[in-house]
Amino acid sequence: MTLSTNRRRFLQSGAAIGASLAMPGILRAQEARELVIVSFAGQLQEPHQWLAQRMQERHPGLTIRLVPSESQDVVAQLKAAQGYSPYDAMPNGEPPHLIAIREQYIQRLDPAAVPNVANVVPAFLEKSQGYGVPVSYSLIGIAYNSDLVKTPPKTWQDLWSPEHGGQIGIPRASSNLGLGFLVAAAKAHGGSESDLAPGWTKLQELKPQVGRSPTQLLQMLEREEIVMAPIWNNDAAGAAEKGLPLAFVKPENGPIAVISFMSAIAKTRYPELVNEWMNDLLSPEYQAMAAGAPYFFGPTVQGVAVPEAARAYNPASPEEVAALQTVDWSVIAPQRGAIVEEFDRLFAS
């Protein structure tokens with residue numbers, strides 16, 4: 001055996017030993033991962049915090065950072081990013097979800113990688129258009145001052161009861177609440193997203209008082225300036241919990257459900273972890289917890305037992321889920337500017 005051969009073998013064995021000594025450090029580096037999820041602000045982030053803790057426990061070295069951020073800020077950063085995205089997943093309501101699909105900064109869903117998607121209500125899954133998963137929804141129903149209204153409304157048409165003339169509040173059409181209510185009014189009187197004329201006519205018949213936000217509508221109800229108004233279930237529940245004489249009705253002819261999706265960002269660094277995150281969001285445990293007080297997120301998964309405290313605000317049976325209405329935002333969104341302009345023309349104070 002030559003000297004050069006011995007030297008070569010020595011160097012090879014030394015390299016192998018060095019690699020084996022370095023391996024624990026390499027593994028630690030691989031395990032030290034950060035998943036960045038765009039989330040909600042304040043109390044509404046708590047369900048995501050609960051889920052993040054559980055997922056971190058399953059993956060030593062994983063940190064999940066929840067970033068409360070306005071969607072426009074996130075989108076601007078996504079578009080400016082070179083290489084991997086600064087975020088891995090994000091929630092979107094229906095109108096922004098359509099934009100995200102069109103502009104391709106979210107990924108198409110692989111159902112095989114998110115098996116819990118098989119349990120999602122089919123009508124909600126269809127709304128995703130193959131991108132992300134429908135995680136929750138908020139309802140537009142009717143809130144009323146229970147000190148002033150002795151016969152609770154049952155349907156959308158009850159807002160037009162003569163005894164409440166001039167005492168109904170409505171939201172401005174610049175918000176999803178206002179747009180959703182306009183669609184509900186149109187559908188309740190023979191119209192649709194593509195035929196809003198019946199809705200406009202019926203809104204004028206109300207001689208309504210306009211609230212610029214859900215908070216303002218709730219204040220108007222509290223001050224007895226109005227007796228009823230379309231409102232989000234989450235906002236109604238929060239006001240009632242504070243002791244306001246407020247009750248919420250899910251109209252028998254269908255409250256409006258506005259769905260929120262969670263989607264993988266197109267340039268995520270960790271697609272497998274994002275799929276796991278989305279799968280956990282669709283677990284019965286997460287869905288039931290998020291549906292309860294104080295969050296009242298509508299469950300999108302079939303067979304989830306809605307907690308008792310939430311049943312006044314969320315559908316609690318398959319029949320109630322089947323009665324939900326949705327909005328075809330692909331029709332409404334392109335009209336948004338014209339709708340707001342028409343609303344302000346008709347209801348300028």
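**Exercise 1.** In this predicted model, determine how helix H6 (residues 176–188) and helix H7 (residues 197–206) pack, and which residues make the contact.

*Solution.* Two packed helices are described by the angle between their axes and the distance between the axes. For H6 and H7 the angle is about 100 degrees, and the axes lie 7 Å apart. Angles of 65 to 115 degrees count as roughly perpendicular; H6 and H7 are therefore roughly perpendicular to each other. On the H6 side, the contact is formed by Phe-181, Leu-182, Ala-185 and Ala-186, and H7 contributes Pro-198, Gly-199, Trp-200 and Leu-203. Sorted by class, this contact comprises 7 nonpolar residues, 1 polar residue and no charged residues.

**Exercise 2.** Identify the buried residues of helix H11 (residues 284–291) and explain why they lie on the same side of H11.

*Solution.* Tyr-286, Gln-287, Ala-290 and Ala-291 are the buried residues of H11. They cover an arc of only 125 degrees around the axis and therefore lie on the same side of H11. An α-helix has 3.6 residues a turn, so residues three or four places apart point the same way. The packing partners of the buried H11 residues are helix H2 (46–58), strand E4 (133–145), helix H10 (271–281) and strand E10 (298–299).

**Exercise 3.** Establish whether Thr-300 is buried or exposed, and describe the polar surroundings of its side chain.

*Solution.* Thr-300 is located in the loop between E10 and helix H12 (318–323). Buried means under 20% relative accessible area; at 0%, Thr-300 is therefore buried. A polar atom of the Thr-300 side chain lies 2.7 Å from the backbone oxygen of Pro-134, and the backbone oxygen of Val-135 lies 3.4 Å from a polar atom of that side chain. Beyond its neighbours within four places in sequence, Thr-300 has contacts that include Asn-119, Phe-124, Tyr-137, Leu-282 and Gln-287. Gln-287 is also one of the buried residues of H11.

Conventions
Residues numbered from 1 in each chain as written. Predicted model: local features only at pLDDT ≥ 70, side-chain atom pairs only at ≥ 80, totals over all residues. Heavy atoms only, no water. Axes fitted to C-alpha atoms, helices over the stretch in contact; angles between N-to-C directions. Helix = DSSP H or I, 4+ residues; strand = E, 2+ residues; numbered from the N terminus. Parallel < 35°, antiparallel > 145°, perpendicular 65-115°, else oblique. Contact = heavy atoms within 4.5 Å. Nonpolar A, V, L, I, M, F, W, Y, C, P; charged D, E, K, R; others polar. Buried < 20%, exposed > 50% of the residue type's maximum accessible area, 1.4 Å probe, protein only. Arc of directions from axis to C-beta. Polar contact = N/O pair within 3.5 Å; in protein donor to acceptor, adjacent residues only side chain to side chain.
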